[in-house]
Amino acid sequence: MTIMSHWQAMALAAALSALPLASAAAQDGRRVTVTGEISDTWCTVSGLMFAKGTAHHQCAVWCALGGIPVSIRDAKGELYLILKIGDDEDSAANPRIARMATHEVAVDGELLERDGVKYLLVDRIADDKGVITMTHEEYGIQPFGN
């Protein structure tokens, strides 16, 4: 065995030995219903765009279509990163999620948590109230406002 193939064999063995752990960790999720506003994770986490609802709508659409992960921000400010909706194959730049930017929704799915991050595998959208937070007066239109 050459040195390179030896390292490749060791990497493959390590990857294969981790598979049972990965599948066991994925089964640790629990069924939840989460209600909140669909928002792009970058603006929410960075604080770059502090607005909600209509004041942040166009930016949230651009970020979602640009591949920024989308989350649900609940009333307490907790973020739930959406990994998948239903049987959609795309998680990033997903037009279905982008169309729901800044909508208040209730979703049913599986919650997975790792290293303080909450991830959602959404089975169904139980309720979509549309954009209900109208904040132009307070924030202006982001990113061009106040």
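Student: How many bridges join E1 to E4, and do they run parallel or antiparallel?

Tutor: In this predicted model, eight bridges join E1 to E4, and the two strands run antiparallel. One such partnership links Thr 35 with Ala 106 in E4.

Student: What makes E1 and E4 a pair of strands?

Tutor: Pairing requires at least two bridges between the strands, and eight join E1 to E4; therefore the two count as paired.

Student: In what order do the strands close into a barrel?

Tutor: Five strands close in the order E1-E2-E3-E5-E4, with mixed pairing. Neighbouring strands of this sheet are turned by 55° against each other on average, direction ignored.

Student: Why is Asp 108 called buried?

Tutor: Buried means under 20% relative accessible area. The value for Asp 108 is 15%, so Asp 108 is buried. Asp 108 is placed in strand E4, which covers residues 104–114.

Student: How do you know that the side chains of Asp 108 and Arg 124 form a polar contact?

Tutor: The cut-off for a pair of N or O atoms is 3.5 Å. The contact joining these two side chains is 2.9 Å, so it falls within that limit. Beyond its neighbours within four places in sequence, Asp 108 is in contact with several residues, including Val 32, Thr 33, Leu 121 and Arg 124.

Student: Why is Glu 104 called partly exposed, while Glu 37 is called buried?

Tutor: The partly exposed class lies between the buried class, under 20%, and the exposed class, over 50%. Glu 104 has a relative accessible area of 24%, so Glu 104 is partly exposed. Glu 37 has 8%, so Glu 37 is buried. Glu 104 is in strand E4, whereas Glu 37 lies in strand E1. Glu 104 touches Glu 37, and also, among others, Asp 127 and Lys 129. The contacts of Glu 37 include Lys 52, Ser 71, Arg 73 and His 103.

Student: Which distances in sequence and in space separate Glu 104 and Ile 38?

Tutor: Glu 104 and Ile 38 are 66 residues apart in sequence and 6.5 Å apart in space, C-alpha to C-alpha.

Student: Why do Cys 43 and Cys 59 not count as a disulfide?

Tutor: A disulfide needs two cysteine sulfur atoms within 2.5 Å. The sulfur of Cys 59 is 3.7 Å from that of Cys 43, its closest cysteine sulfur, and is therefore too far for a bond. The structure holds zero disulfides.

Student: Are these two cysteines buried or exposed?

Tutor: The relative accessibility of Cys 43 is 2%, so Cys 43 counts as buried. Cys 59, at 7%, also counts as buried. Cys 59 is one of the buried residues of helix H3 (residues 57–65), together with Ala 60, Val 61, Cys 63 and Ala 64. The cover over the buried residues of H3 includes E1, helix H2 (41–46), E2 and H4. Just after H3, Gly 67 takes a positive phi of about 100°.

Student: Which residues have the most contacts inside the largest nonpolar core?

Tutor: That core has 17 residues, and those with the most contacts inside it are Val 34, Ile 38, Ile 72, Ile 82, Val 107 and Leu 120. At least two core residues come from each of strand E1 (30–40), strand E2 (70–73), strand E3 (79–85), helix H4 (95–98), E4 and strand E5 (117–128). Leu 120 is in contact with Val 34, Ile 72, Ile 82 and Val 107, among others, leaving aside its neighbours within four places in sequence.

How values were computed:
Residues are numbered from 1 along each chain as its sequence is written. This is a predicted model: local features need pLDDT of at least 70, side-chain atom pairs count only at pLDDT 80 or more; totals for chains, interfaces and linings use all residues. Side-chain values use heavy atoms; hydrogens and water are left out. Helices (H or I, at least four residues) and strands (E, at least two) are DSSP runs, numbered from the N terminus. Buried means under 20% relative accessible area, exposed over 50%, partly exposed in between (1.4 Å probe, protein chains only). A polar contact is a pair of N or O atoms within 3.5 Å; within protein, one must be able to donate a hydrogen and the other to accept it, and residues adjacent in sequence count only if both atoms are side-chain atoms. Contact means heavy atoms within 4.5 Å. A nonpolar core is a set of buried Ala, Val, Leu, Ile, Met, Phe, Trp, Tyr and Cys residues joined through side-chain atoms within 4.5 Å. Axes are lines fitted to C-alpha atoms, for helices over the stretch in contact, and angles run from 0 to 180 degrees between N-to-C directions.
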